[in-house]
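Colleague: Before I use this model, I would like to go through the words used to describe it and hear what stands behind each of them.

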Amino acid sequence: MYRRDLITAEIQKLAQVLARIMGLKLEGKLAESDELMSSALENEFGLSTAAVNTGTKDEFEQLLLQKDFPAEKLDMLSQFLFFQFDQHTPSAANHMLADRLLSIYHVLEVTHHVINMVNLDRQKVISNYLNA
């Protein structure tokens, strides 16, 4: 019960950070948004932007397994990264994010046995992006 309360509080905090990042982007404050995103990845998930943006899909998946995030936190990480993903802009950065997101969804499904409609829809969007 105590662990669940801690996870719930942490997820609420992460949701607030994500909302703040979204607000900054809407205001056109992209530098601040990117800085907050990097800070959140490092402070809340223990991931550097380099860890997210470099290496292979398999290496990233192994990193996720080593971190052993609870399913809720891993799902929140997918929300952070999906917010960065732009399905309408073909680029190396978007391709990398697509691979990272698929790795997260794979870990959620295989390790945590979590499948939800939002993630399934996002996987479809990502697959369409990668196949286009």
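Colleague: What share of the contacts in the chain with a separation of 6 or more comes from residues 24 or more positions apart?

Modeller: In this predicted model, residues 24 or more positions apart account for 68% of the contacts in the chain with a separation of 6 or more. One pair to look at is Ala 15 and Met 76, which are 61 residues apart in sequence and 7.7 Å apart in space, C-alpha to C-alpha. Another pair is Lys 13 and Glu 44, 31 residues apart along the chain, with C-alpha atoms separated by 9.4 Å.

Colleague: How do you know that the radius of gyration of the chain agrees with that of a compact globule?

Modeller: For 132 residues the globule rule, 2.2 Å times the number of residues to the power 0.38, leads to a radius of gyration near 14 Å, and the chain has 14 Å, so the two agree. Along the principal axes, the C-alpha trace spans about 45 × 35 × 25 Å.

Colleague: Which helices and strands make up the chain, and in what pattern do they follow one another?

Modeller: There are 7 helices and 0 strands, and reading along the sequence gives the pattern α-α-α-α-α-α-α.

Colleague: What makes up the largest nonpolar core, and which residues have the most contacts inside it?

Modeller: That core has 34 residues, and those with the most contacts inside it are Phe 45, Leu 77, Phe 80 and Phe 85. At least two residues each are supplied by α1 (2-26), α2 (30-45), α4 (57-67), α5 (71-84), α6 (92-110) and α7 (117-131), and the largest share, 8 residues, comes from α6. If we take Leu 77 and leave aside its neighbours within four places in sequence, Leu 77 is in contact with Leu 41, Phe 45, Leu 47, Leu 64, Phe 69 and Ile 104. Over the chain as a whole, buried residues make up 37% of the 132 residues.

Colleague: Why is Glu 61 called buried?

Modeller: The cut-off for buried is under 20% relative accessible area, and Glu 61 has 15%, so the residue counts as buried. Glu 61 has its place in helix α4, and, with neighbours within four places in sequence left aside, is in contact with Ser 103, His 106 and Val 107. Glu 61 and Asp 99 are 38 residues apart in sequence, and their C-alpha atoms are 9.7 Å apart in space.

Colleague: Why does Asn 119 count as buried?

Modeller: The relative accessible area of Asn 119 is 6%, and since buried means under 20%, Asn 119 is buried. Asn 119 is found in helix α7, where, leaving aside its neighbours within four places in sequence, Asn 119 is in contact with Asp 75, Ser 78, Tyr 105 and Leu 108. Lys 57, in contrast, is 62 residues from Asn 119 in sequence and 18 Å from Asn 119 in space, C-alpha to C-alpha.

Colleague: Why are Ala 15 and Lys 13 called partly exposed?

Modeller: Partly exposed covers what falls between under 20% and over 50%; Ala 15 has a relative accessible area of 36% and Lys 13 has 39%, and therefore both are put in that class. Ala 15 is found in helix α1, and Lys 13 also lies in helix α1.

Colleague: What makes the phi of Asp 68 worth a remark, and is Asp 68 buried or exposed?

Modeller: Most residues other than glycine have a negative phi. Asp 68 is not a glycine, yet has a positive phi of about 50°. Asp 68 is found in the loop between α4 and α5, and because exposed means over 50%, its relative accessibility of 56% puts Asp 68 in the exposed class.

Colleague: What is the phi of His 113, and why is His 113 called exposed?

Modeller: His 113 has a positive phi of about 55°, although His 113 is not a glycine. His 113 lies in the loop between α6 and α7, and with a relative accessible area of 66%, set against the cut-off of over 50%, His 113 is therefore exposed.

Colleague: How many positive and negative side chains does the chain have, and how far apart are the centres of the two sets?

Modeller: The chain has 12 positive and 18 negative side chains, and the centres of the two sets lie 3 Å apart. As for the accessible surface, the chain has about 7700 Å², of which 54% belongs to carbon and sulfur atoms.

Notes
Residues numbered from 1 in each chain as written. Predicted model: local features only at pLDDT ≥ 70, side-chain atom pairs only at ≥ 80, totals over all residues. Heavy atoms only, no water. Helix = DSSP H or I, 4+ residues; strand = E, 2+ residues; numbered from the N terminus. Buried < 20%, exposed > 50% of the residue type's maximum accessible area, 1.4 Å probe, protein only. Contact = heavy atoms within 4.5 Å. Areas by Shrake-Rupley, 256 points an atom, 1.4 Å probe, with all protein chains shown as cover. Lys, Arg positive; Asp, Glu negative; His and termini not counted. Charge placed at Lys NZ, Arg CZ, Asp CG, Glu CD. Core = buried A, V, L, I, M, F, W, Y, C linked by side-chain atoms within 4.5 Å.
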